[in-house]
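Please open the two-chain model in your viewer and keep the selection panel handy. We will go stop by stop, with something to select at each one.

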Amino acid sequence: MGKIERVLSLIREGERNPAEIAGKLGMSREEVEGIIKILESMGYVERIEKGSGACETCPLRSICPGSCVRKTATVYRVTKKSFSLKQDHI
Amino acid sequence: MAMKVVALAGNPNVGKTTVFNALTGMRQHVGNWPGVTVEKKEGVFEYEGQRFLVVDLPGTYSLTAHSVDELVARNFLLNSGPDVVVNVVDATALMRNLFLTMEILEMGVTNVVLALNKMDLAEKRGIRIDVKKLETLLGIPVVPLNAKAGIGVNDLKKRIYEMANGRIKTTPIVPKYEPDIEREITHIEGALSGTGLVTKYSPRWLAVKLLQRDDEVMKLVLRHLGKEKLDEVMTHIGEIEAKYGRAMDLIIAGQKYEFVDSLMHRFIRYTSKESSNLTDQLDRILVHPVYGFFALMLVFYAMFRFVFAVGLPIQGWLAAEFSDFGGWLAPHIASGALRGLLVDGIIGGVGAVLSFFPLVFLLFFVLAVLEDVGYMARVAVLMEKIMRKFGLPGKSVISLILGFGCNVPAVMATRTLEDERDRLVTMFVNPFIPCSARLSVISFLAGAFFKGNQALVAVSIYALAIVVALFSAWLISHFVIRGEESPFVIELPEYLLPGWKTLLLHSWERSKEFVKKAGTIILIGSIFIWYLSNYPAAIGTGKSYAERLGHIFAPYMGLMGLDWRAAVSLLFGIIAKENVISTYSIIYGVGGGEEALRGAMAGLLSPLQAYVLGVVTTLYIPCIATIGAIRAESNWKWAAFSTAYMITVASAIGILIWHIGLFLGL
Ligand SMILES: Nc1nc2c(ncn2[C@@H]2O[C@H](COP(=O)(O)OP(=O)(O)O)[C@@H](O)[C@H]2O)c(=O)[nH]1
């Protein structure tokens, strides 16, 4: 199995940190992040939108001082498409 | 002569826009791709007297038909027949970039120039690329670029010019797969041969896409060759898929990636150890569940030290100004009631809160620095790690981090959680995260009663709030059984030095809202509190509404060493936490002077009492807007339960701290 499939497998098994995935597969964190982007573009993982929607509909928006944090982590969740795959090897 | 068309393709963020601008200068036009809301940018440049139309394609990581962006880019390359395709790649991330290059070449597009951008960065990171070898390997021209500095742009224009005029012969490489798959590709190619389709599209590409069950290509085959042919091909694909036991789609992408990987060592060399950059080194500590937590406390401590050191003197000065203003105004107003309302109520209440503007601004400034550097994202991940150990759903991290700003959007952000029970648990814990409104109360009390170690006091209250949140998460997870969580992965931004201009602008934007709030909610609250404190009789007589109200709760407050004044403040604090300050200010009738208020209060509250008040204010109840948000996102019962729980916990901790303090003789 190639790197792309192995990264997806590890994510499905509950690994959340690209740095740790990189450690396990012996590649750099940047490469793992690149693979996640490819997986995203193929529809195997998807980005969870941050609180932006919540901020826009918030009743306190006009007087809210502190929220809508910028530059946060990007969270990708595994999609249904991934779960249609069998997970029987690694 | 018609203009030659040049398409720019590449991953997002590789510098496509920069290349586009460098090529076309100011001559650009922005519109939309037909039928979709994807931005289409076009521009023109001239070389050797010939004009070229440059079309910027959406940035994508692959050319599957999964998203609109990909489809737009792919269809343009397939159907519009650009004269030259410039594939812009980021030299610092060649693996994923060349993956897309392979997708482009696999389509049978032959007139491709590879623009190897960000060469300066690659150089800096010790990545050495042998351009000549890369050229031979890929079979297409490669132009090294530093688009930001405009280096190599002329070379690129020259190559485009040559290619558009047929002066460059290319022999593009295409990815190879395992023998089983190659056999299948040949088979499908055979089935398609002789049909009208293969005169328009590369048969190999069609075969690969069919193997990947690409919707668009399947439709294409259906339209041109009919259902029977498609079924025949698809049955075959079903068989090979069954043999692998995994989706072909992923297997092919995987092998394409391995193919790129196998090329890498032939043209790339690392002069420094690539894997261990600063971000990775820092993250080993900052995201570590134990060291990370201590680092977080240290960072917050430093932040408060800075905010207090710089902000308190300004705040004191501002408070004195408000006080002077009140003092100046008072003799000018004949009506006693109006004077009271203006001087004690409005200037006193709103002024007390407003005098915190410098502190709030500084705090937002430091927070913005931490955000821009990339540290806040680490805090979120760290909290997520810790929270997960205490039974909280991992994805609550988004909600929790928003909570440091304001609990209301934080509660609303729980919508991103699919599981109903996850939502309830996250909403339950969220109000314990100290929002920025509580910060002004914490800094007010810390500043007034703890000369010298304000920062320590503030951090300890924050830490306590986080510990209580963790404990609550642990407790509630025993009662609300959550569903299986769908897996996810978190990508952190690289650490970066912030841009000072945006920082200042952003802190200003945020602290401006603080002033707005002071001018609306706090203003109305102050008028209301002033009224309750002066009618039907002035405060101190025991007959004012405020006192009567406060005395109802006084015995209870007594358990934690606080009196009726605290009760009244906390009651109004439910509307907005800042009201705790304005209420105190009004009750003590010290017009506008936070300095004076400190003096007045110092005699009435011991440091221990002030600390208890700070803790209780932080924990006791979500503000009314947060309760409303919880109700809206769940139901009345849950909102009521959360509120009751918070009051219970706050009281228990208040009582505990008070008695431990007494025991220790504080
Ligand atoms: N160091 C360096 N940075 C570059 C270069 N080209 C672009 N950038 C930066 O890369 C980032 C992304 O560029 P942009 O043109 O917006 O990328 P796009 O998303 O592909 O359009 C920007 O911050 C650019 O300043 C380059 O040659 N060298």
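## First stop: a threonine in chain B

Select Thr24(B), which counts as buried because its relative accessibility is 5%, below the 20% cut-off for that label. Bear in mind throughout that this is a predicted model. Thr24(B) sits in helix α1 of chain B, residues 16–24. Show its side chain and draw a distance to the backbone oxygen of Phe20(B): you should read 2.9 Å. Now display the neighbors beyond four places in sequence, and Gly43(B), Val44(B), Phe45(B) and Val54(B) appear as the residues that Thr24(B) touches.

## Second stop: the strands around β4(B)

Val54(B), a contact of Thr24(B), is a handy way into the next selection. Color strand β4 of chain B, residues 50–56, where 6 of the 7 residues are buried.

Which strands pair with β4(B)? Add β1(B), residues 4–10, which is parallel to β4(B) and joined to it over 5 bridges. For a reference point in this pairing, pick Leu8(B), which stands opposite Asp56(B). Then add β3(B), residues 39–47, which runs antiparallel to β4(B) with 7 bridges between them. Here Glu46(B) has Arg51(B) in β4(B) as its bridge partner.

Follow the backbone from β3(B) into β4(B): 2 residues lie between the strands of this hairpin, and Glu48(B) takes a positive phi near 50 degrees.

Next, bring in β2(B), residues 28–32, which pairs with β3(B) in the antiparallel sense over 5 bridges. His29(B) is matched with Glu42(B) in β3(B). β2(B) and β3(B) also make a hairpin, this one with 6 residues between the strands, and Gly35(B) in the turn has a positive phi of about 85 degrees.

## Third stop: an arginine in α9

Move to Arg204(B), in helix α9 of chain B, residues 203–211. Is this arginine buried or exposed? Arg204(B) is buried, because its relative accessible area is 14% and the limit for that label is 20%. Its side chain reaches the backbone oxygen of Pro175(B) at 2.8 Å. Leaving out residues up to four places away in sequence, Arg204(B) touches Val174(B), Pro175(B), Lys176(B), Tyr177(B), Glu182(B), Ile185(B) and Glu189(B).

## Fourth stop: chain A

Switch to chain A, which has 90 residues, 62% of them buried. Color it by secondary structure to find 5 helices and 2 strands, in the order α-α-α-β-α-β-α from the N terminus. If you draw the contacts within chain A between residues at least 6 apart in sequence, 66% of them join residues at least 24 apart.

## Fifth stop: where the chains meet

Show both chains and select the contacts between them: 72 residues of chain B meet 62 residues of chain A. Together the chains bury about 5800 Å², with 61% of that area on carbon and sulfur atoms. Highlight Leu250(B), Val489(B) and Glu491(B), which supply 14% of the area that chain B buries against chain A, more than any other three residues.

There are 5 salt bridges between the chains. To see one of them, zoom in on Arg29(A) and Asp280(B), whose closest N and O atoms are 2.5 Å apart. The polar contacts between chain B and chain A come to 15 residue pairs. Which helix of chain B gives the most to the side that touches chain A? That is α22(B), residues 500–534, with 9 residues. Color this side of chain B by residue class and you will get 33 nonpolar, 16 polar and 23 charged residues.

Now look for strand pairing across the chains. Strand β2 of chain A, residues 74–78, runs antiparallel to β10 of chain B, residues 488–491, and 4 bridges join them. Val75(A) has Ile490(B) as its bridge partner.

## Last stop: the loop after β10(B)

Continue along chain B to Gly499(B), in the loop between β10 and α22. This glycine is partly exposed, with a relative accessible area of 37%. Finish by drawing a C-alpha to C-alpha distance from Gly499(B) to Asp372(B): the two are 127 residues apart in sequence and 8.1 Å apart in space.

Notes:
Residues numbered from 1 in each chain as written. Chains lettered and ligands numbered in written order. Predicted model: local features only at pLDDT ≥ 70, side-chain atom pairs only at ≥ 80, totals over all residues. Heavy atoms only, no water. Helix = DSSP H or I, 4+ residues; strand = E, 2+ residues; numbered from the N terminus. Buried < 20%, exposed > 50% of the residue type's maximum accessible area, 1.4 Å probe, protein only. Polar contact = N/O pair within 3.5 Å; in protein donor to acceptor, adjacent residues only side chain to side chain. Contact = heavy atoms within 4.5 Å. Buried area = accessible area lost by both parts, 1.4 Å probe. Salt bridge = Lys/Arg side-chain N within 4 Å of Asp/Glu carboxyl O. Nonpolar A, V, L, I, M, F, W, Y, C, P; charged D, E, K, R; others polar. Pairing = 2+ DSSP bridges.
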